[in-house]
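Please open the structure in your viewer and keep the selection panel at hand. The tour below goes from pocket to pocket and ends at a single residue.

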Amino acid sequence: MTDPTTDSAGNTEDAAAARASLETLRTEIAKAVVGQDPAVTGLVVALLCRGHVLLEGVPGVAKTLLVRALASALELDTKRVQFTPDLMPSDVTGSLVYDTRTAEFSFQPGPVFTNLLLADEINRTPPKTQSSLLEAMEERQVTVDGTPRPLPEPFLVAATQNPVEYEGTYPLPEAQLDRFLLKLTIPLPSREDEIDVLTRHASGFDPRDLHAAGLRPVAGPADLEAARAAVARTTVSAEITAYVVDICRATRQSPSLTLGVSPRGATALLAAARAWAWLTGRDYVTPDDVKALALPVLRHRVQLRPEAEMEGVTVDSVINSVLAQVPVPR
């Protein structure tokens, strides 16, 4: 019979090793991507929560490079799909192909069968193709011709969209937005970071060759599994649970919003706060953990009233106002 004490010590050691490995991700990814630490942390939080990420930023801020660098540092398979108006659902999920040699149909897997799927400019394809990702994101499987096919583990969709171009785009419906754990905004770099980017390129840096940039695997699927188990053991008090619920309920009563956060959003906020608490070295969640993840978890789950939008109110300012009003547990 296994000694519970030994098991507990082994779990603690595995969790500590996994945390140390994941902490080195920032340093490793910085060899290829300059100044995007918050986005790296958000992607790691999503992997720990088995969630998905919507990356929003203008073209040229290294969204694609960021995902490729993360996959390389975690030794995970990654595929990229450029979403265009003529993209079909089968181009994402795969389809049945007729084999003339055997006179039978065989399944040809699509790019969704990977660990990290980069859905580039997801809002440039019609809703029919956008919805082809819904089953993959929620059920982690793809059903073709009535047969469900499981996706690899881990599986994360990192979708990008451009916030400044609206012509020729199809805004994601609320049901699909709600499937993303986080919405991360990728800002333009500071002057110092931009100088660093240009200096690297002048020295011969090639974003298509991460190996030449010195990027090496520093963690792997086993570390993610150990980390997820440790996150599941992170303590959440009744006061913290009530705090999360109060924040989400307050968004439903905000006069600036037509749509507040659903219970799924509350569950996502609690899960992300647990992952963040564990990453920062604690085995319990604090109100500050909830506040730290509130914007990326909630900003895409609410809708502004048209009159509030015309007055210059932003989603982030409404959420910050809610955080300031909801009593913080002691």
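In what follows, Ala, Val, Leu, Ile, Met, Phe, Trp, Tyr, Cys and Pro count as nonpolar, Asp, Glu, Lys and Arg as charged, and the others, Gly among them, as polar. This is a predicted model, in which local features need pLDDT of at least 70 and side-chain atom pairs count only at pLDDT 80 or more, while totals for chains, interfaces and linings use all residues. Residues are numbered from 1 along each chain as its sequence is written, and side-chain values use heavy atoms, with hydrogens and water left out.

Begin with the second largest pocket, whose volume is about 560 Å³ (the space filled by probe spheres set on grid points joined across faces, edges and corners). Select Pro59, Gly60, Val61, Ala62 and Lys63, which are the closest to its centre of the 29 residues that line this pocket. A pocket here is an open set of points on a 1 Å grid over the protein atoms alone, where a 1.4 Å probe fits, with protein on both sides within 12 Å along at least five of seven lines; lining residues have an atom within 4 Å of a point. By class, this lining holds 14 nonpolar, nine polar and six charged residues.

Next, select helix H9 (191–202), which gives the largest share of that lining, five residues; helices are DSSP runs of H or I, at least four residues long, and strands are runs of E, at least two, numbered from the N terminus.

Finally, select Asn162, in the loop between strand S8 (156–161) and helix H8 (174–177). Is Asn162 buried or exposed? At 6% relative accessibility, Asn162 counts as buried, because the cut-off is under 20% relative accessible area, against over 50% for exposed and partly exposed in between (1.4 Å probe, protein chains only). Leaving aside neighbours within four places in sequence, Asn162 is in contact (heavy atoms within 4.5 Å) with Gly57, Val58, Pro59 and Asn123.
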